[in-house]
Amino acid sequence: MPELPEVETTRRGIEPHILNATVKDIIVREYKLRWRIPKELEQQLPNQTILKVERRAKYLLLKTKSHCLIIHLGMSGSLRILEDHVPAEKHDHVDIILSCNILLRYRDPRKFGALFWTAQNPLLHPRLIDLGLEPLSKKFDDTYLFQQSRKKTVCVKSFIMNAKILVGVGNIYASEALYLAGIDPRRAAGRISKKRYGLLVQAVQKVLTKAIKYGGTTLRDFTKSDGAPGYFAQKLNVYDKNDLPCPSCNQAIKQIKLNQRSSYYCPKCQS
DNA sequence: AATCGCGCCTGACGGC
DNA sequence: TGCCGTCAGGCGCGAT
């Protein structure tokens with residue numbers, strides 16, 4: 001589910017509620033997520049104060065004085081802020097109860113998400129250390145994508161979804177960015193000009209920024225931290241629009257599979 | 001080294 | 001109504 005805009009929307013939603021709050025208790029109902037939730041989290045999180053709420057790639061970083069709780073939402077995860085008496089429902093795996101009578105609730109039906117607890121710099125965690133550039137950072141530019149892509153035979157869509165190159169772009173925004181840039185998603189990454197990578201950089205930044213502005217994309221189960229859906233689904237041009245007309249030229253949008261993922265493009269506008 | 005396909009897990013939906 | 005196959009916003013891993 002969540003790509004960078006949904007994770008950033010979640011971060012912005014929870015930050016004002018949990019910043020400088022002290023953890024009263026943590027309740028873990030299901031340990032078995034993508035990785036097992038460590039016992040140390042339950043033992044050590046209570047009485048710690050949340051001093052920073054940051055994001056790196058699709059990971060949320062809740063920092064205390066001595067530790068960092070790293071949260072990944074996987075495919076179907078969400079975080080919500082609730083009153084501390086609201087009963088848990090199915091798939092509500094973790095509650096973090098805060099001193100101010102609210103709780104941060106982690107729900108994840110498919111259990112592809114993860115919670116890590118680390119005393120070291122979270123950026124050095126094994127799951128984060130090899131991540132590529134943030135797409136909204138200054139370093140992310142045409143030169144970078146061009147250099148990284150030389151001699152690569154993978155299709156450009158898989159290339160921009162590779163977190164070792166570039167983080168935060170998942171299946172929805174990859175299709176959308178390539179549409180905006182006019183690039184055929186099937187094209188080999190190594191056979192795209194620097195000029196076209198310049199267009200792609202602009203497109204990625206534009207679509208992510210706009211999606212954040214609209215609170216992310218809700219297709220099925222994504223909810224913001226207040227339970228409301230994101231509204232960017234209304235702004236999608238091609239994703240999930242097989243056979244519907246291209247907003248620009250009216251040609252039917254095509255759906256294909258690239259590396260086992262559904263991909264959408266306009267056969268006339270993208271080449 | 002790079003690429004590809006599988007598997008983790010639950011739920012929704014369509015066809016029969 | 002039930003059963004079965006397919007699909008879903010991520011991503012690590014092993015085989016090639």
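**View 1. Four strands of this predicted model line up as an open, antiparallel sheet in the order E2-E3-E4-E8.** The edges belong to strand E2 (52–56) and strand E8 (114–118); each has a single partner strand, so one side of each is left without a neighbour in the sheet. Going from one strand to the next, the twist averages 20°. Helix H1 (residues 4–18) packs on this sheet and touches E2 and E3, with its direction at about 175° to that of E2.

**View 2. Zoom in on E2 and E3 and you'll find a hairpin with 2 residues between the strands.** The two strands run antiparallel and are joined by 5 bridges. To get your bearings, look for arginine 56, which stands opposite tyrosine 59 in E3. In the turn, alanine 57 has a positive phi of about 55°.

**View 3. Next door in the sheet order, strand E3 (residues 59–63) pairs with strand E4 (residues 68–72) in the antiparallel sense.** This pairing runs over 5 bridges. A handy landmark is leucine 62, whose bridge partner in E4 is leucine 69.

**View 4. Another open sheet of 4 strands takes the order E1-E6-E7-E5, again with antiparallel pairing.** Here the edge strands are strand E1 (23–28) and strand E5 (78–83), and each of them pairs on one side only. The twist averages 20° from one strand to the next. H1 turns up in this view too: the helix packs on the sheet and touches E5, E6 and E7, and its direction makes about 30° with that of E5.

**View 5. In the middle of that order, strand E6 (residues 92–98) and strand E7 (residues 102–107) pair in the antiparallel sense.** Count 5 bridges between E6 and E7. If you want a pair to look for, valine 94 stands opposite tyrosine 106 in E7.

**View 6. Strand E9 (residues 254–258) and strand E10 (residues 261–265) run antiparallel and are joined by 5 bridges.** Together E9 and E10 make a hairpin, with 2 residues between them. Lysine 257 stands opposite serine 262 in E10. The turn holds asparagine 259, which has a positive phi of about 50°.

**View 7. Now for the helices: H3 (residues 142–149) meets H6 (residues 194–213), with axes that come within 8 Å and cross at roughly 120°.** That angle makes H3 oblique to H6. The crossing of H3 and H6 is right-handed. On the H3 side, the contact is made by Asp142, Thr143, Leu145, Phe146 and Ser149, while H6 brings Lys194, Tyr197, Gly198, Leu200 and Val201. Sort the contact residues of H3 and H6 by type and you get 5 nonpolar, 3 polar and 2 charged.

**View 8. Helix H5 (residues 171–181) also crosses H6, at roughly 130°, and their axes come within 8 Å.** The two helices are therefore oblique to each other. The crossing of H5 and H6 is right-handed. From H5, the contact takes in Tyr173, Glu176, Ala177, Leu178, Leu180 and Ala181; from H6, look for Leu199, Leu200, Ala203, Val204, Val207, Leu208 and Ala211. What kinds of residues make up the contact of H5 with H6? They divide into 12 nonpolar, no polar and 1 charged.

**View 9. The helix that packs on both sheets, H1, has a meeting with H6 as well: their axes come within 9 Å and cross at roughly 35°.** This crossing of H1 and H6 is right-handed. H1 brings Leu4, Pro5, Glu8, Thr9 and Arg12 to the contact, and H6 supplies Leu208, Ala211 and Ile212. By type, the residues of the contact of H1 with H6 come out as 5 nonpolar, 1 polar and 2 charged.

**View 10. Zooming back out, chain A has 6 helices and 10 strands.** Its radius of gyration is 20 Å, close to the 18 Å that the globule rule gives for 271 residues, so chain A is as compact as a globular protein of that length. Along its principal axes, the C-alpha trace of chain A spans about 55 × 35 × 30 Å.

How values were computed
Residues are numbered from 1 along each chain as its sequence is written. Chains are lettered from A and ligands numbered from 1 in the order in which they are written. This is a predicted model: local features need pLDDT of at least 70, side-chain atom pairs count only at pLDDT 80 or more; totals for chains, interfaces and linings use all residues. Side-chain values use heavy atoms; hydrogens and water are left out. Axes are lines fitted to C-alpha atoms, for helices over the stretch in contact, and angles run from 0 to 180 degrees between N-to-C directions. Angles under 35 degrees count as roughly parallel, over 145 as roughly antiparallel, 65 to 115 as roughly perpendicular and the rest as oblique. A crossing is left-handed if the near helix is turned anticlockwise from the far one by less than a right angle, and right-handed if clockwise. Contact means heavy atoms within 4.5 Å. Ala, Val, Leu, Ile, Met, Phe, Trp, Tyr, Cys and Pro count as nonpolar, Asp, Glu, Lys and Arg as charged, and the others, Gly among them, as polar. Two strands pair if DSSP finds at least two bridges between them. The radius of gyration is taken over C-alpha atoms; the globule rule is 2.2 Å times the number of residues to the power 0.38.
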